[in-house]
Amino acid sequence: MAKNNENELMEKVVSLAKRRGFVYPSSEIYGGFASAYTYGPYGTELKNNIKGLWWKMFVQEREDIVGLDGPILLNPKVWEASGHTKSFNDALVDCKECKARFRADQLIEDATGKDLEGDIEAMNKELTKKNAVNCPECGKSNWTNARYITGMFKTEMNGFTGDVYLRPETAGAIFVEYKQVLDSMRVRVPFGIAQIGKAFRNEIVTGNFIFRVREFEQMEIEYFIHPKTKWEPLFEKWLKQQESFAMALGAKKKDLRRYEHPKKKLSHYSKKTVDLEYNFPFKFTELFGLAHRSDFDLTSHQKASGADLSFKDPITGENYLPHVLEPTFGLDRSILVALSAAYTEEKVGDETRTVMKFPKNLAPIKVAVFPLLKNKPKLVKKAREIFDSLKSDYMCEFDDNGNIGKRYRRQDEIGTPLCVTVDFDTLDDDTVTVRDRDTMKQTRVKIKELKDYIKKN
Ligand code: ATP
């Protein structure tokens, strides 16, 4: 679809996602709940396929990266050592006129293009400039002082005294378990540890559908390198791999760009941080991130825990704390890329067809099987046989409801690459019609060659 009206695209994606079982607003029967979303049956398949693709690219196909699955609740000392308890903050500001609440750095960036994240003085200066930043809700420019609040979700735990937090990122568990991985696996620097899991952030403002929520999933890697390694080429390689992954979700190259954090905005330990931005329907903004974190995390955890976190090279005998490159991928933002890049409207005769042109390996349903008519037992039986022969290899769907045109339209809307129809000719010659999602071309295929055909298409 031509992106001439971008918010219109977003509305269409959100509406299709709900109507077709990809993403539902959560707790809707109780009036919803604070931008929480539920992945519906097709959304869950899509999500699993994206996770699977990521795992395949970054764990299965790599000898230098191993996987991990850590808990959401970690010893709170982890977050003290990493600095999260003290400084995982966002600046909040309220409009004194209409009481609307905003994250100050984003409000200012949207109004002026200036990136002042982390500099509260500069933010307050900007907010008090006459009409520099107007309230997106009421249009006035009368702000409270911006102030920091924590983004950490606090909870309690039986048998434990003190605050416990839901992890705000998955990376924490990787650093904490790094030593155990070293001791139990045959890894040698350079190597990485990968993890997929939930993270929780008490965001000031959520929005743009699943782009910014308070409970989300991350796919993260800590890639440990020798402190003297020439890291620049590796950094570039990781950025390229992040771009490749975005393109495997369906993103076009022209919809991706890099934003390098200016030196003065960088954390003191980071040598370089780059956001990979995507041209989301509402804005060009952060999809993934890549940071050089030096040995900050291992040093901090070593100091706070007293454990020796150094790596002893089994070949050279050298003992040192590795530096780390951290590529981080948001899973929910990946799903939003897949949904918005796939959404297509095409004119077919007098009608408009809506098709989700997902990359085929990500489509929730790979093959749909139809008997031409529902009240012809022989057709239904044959279609069932075909469905049963495919379902252990592919996520398939059996549909005998309504006319074939309607069934095609439904499968187009969920992005099913192939539809197989059993008709009267099938009973005579053991062939079926296979219809392609993108070209709408129909091909007659012998049943005994169907599996091969599906594999190739
Ligand atoms: P932003 O500036 O958008 O708040 P961030 O720089 O705080 O993001 P990171 O801490 O780098 O984000 O988190 C890593 C990744 O996790 C992001 O690139 C993004 O894909 C995802 N992510 C972060 N916050 C959210 C959120 N509230 N909802 C969904 N995904 C998120």
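Trainee: As what does Ser 35 count by relative accessibility?

Mentor: Ser 35 counts as partly exposed, at 25% relative accessibility. The scale has three classes: buried is under 20% relative accessible area, exposed is over 50%, and partly exposed is in between (1.4 Å probe, protein chains only). Before we go on, note that this is a predicted model, where local features need pLDDT of at least 70, side-chain atom pairs count only at pLDDT 80 or more, and totals for chains, interfaces and linings use all residues. Residues are numbered from 1 along each chain as its sequence is written, and side-chain values use heavy atoms, with hydrogens and water left out.

Trainee: Where is the place of Ser 35?

Mentor: Ser 35 sits in the loop between β1 and β2. Strands are DSSP runs of E with at least two residues; helices are runs of H or I with at least four; both are numbered from the N terminus. Ser 27 is in the loop between β1 (23–25) and β2 (37–39). Ser 27 is partly exposed, with a relative accessible area of 34%.

Trainee: What is phi of Ser 27 near?

Mentor: Phi of Ser 27 is near 55°, a positive value in a residue that is not glycine. Ser 35 also has phi near 55°, again positive in a residue other than glycine.

Trainee: Which residues does a cis peptide bond join?

Mentor: Val 189 and Pro 190, with omega about 5°. Pro 190 lies in the loop between α7 (171–184) and β9 (191–200).

Trainee: How many disulfides does a search of the whole structure find?

Mentor: A disulfide is a covalent bond between the sulfur atoms of two cysteines. The test is a pair of cysteine sulfur atoms within 2.5 Å. The search of the whole structure finds zero.

Trainee: Why is there no bond from Cys 95 to the closest cysteine sulfur?

Mentor: The closest cysteine sulfur, in Cys 138, is 3.7 Å from that of Cys 95, too far for a bond. Cys 419 is in no disulfide either; its nearest cysteine sulfur, that of Cys 396, is 11 Å away. Cys 95 is buried, at 1% relative accessible area. Cys 419 is buried too, at 0%.

Trainee: With which residues is Phe 153 in contact, leaving aside its neighbours within four places in sequence?

Mentor: Contact means heavy atoms within 4.5 Å. Phe 153 touches Val 164, Tyr 165, Leu 166, Phe 200, Arg 201, Asn 202 and Arg 214. Phe 153 and Arg 214 are 61 residues apart along the chain, with their C-alpha atoms separated by 9.2 Å. Phe 153 lies in strand β7 (residues 153–155) and is partly exposed, at 22%.

Trainee: Which residues around the ligand come nearest?

Mentor: A residue is near the ligand if one of its heavy atoms lies within 4 Å of it. There are 15 residues around the ligand, and Glu 203, Arg 212, Val 213, Glu 286 and Leu 287 come nearest. The shell holds five nonpolar, four polar and six charged residues. Nonpolar covers Ala, Val, Leu, Ile, Met, Phe, Trp, Tyr, Cys and Pro; charged covers Asp, Glu, Lys and Arg; the others, Gly among them, are polar.

Trainee: Which strand gives the most to the shell around the ligand?

Mentor: β13, with four residues. β10 (215–225), β13 (284–292) and β16 (323–330) each supply at least two.

Trainee: Which polar backbone atom is 2.7 Å from an oxygen atom of the ligand?

Mentor: One of Leu 287. A polar backbone atom of Val 213 is 2.7 Å from a ligand nitrogen. A backbone N or O atom of Phe 211 lies 3.3 Å from a nitrogen atom of the ligand. Taken alone, the ligand exposes 600 Å², of which the protein buries 85%. Those areas come from the Shrake-Rupley method with a 1.4 Å probe.

Note on methods
Polar contact = N/O pair within 3.5 Å; in protein donor to acceptor, adjacent residues only side chain to side chain.
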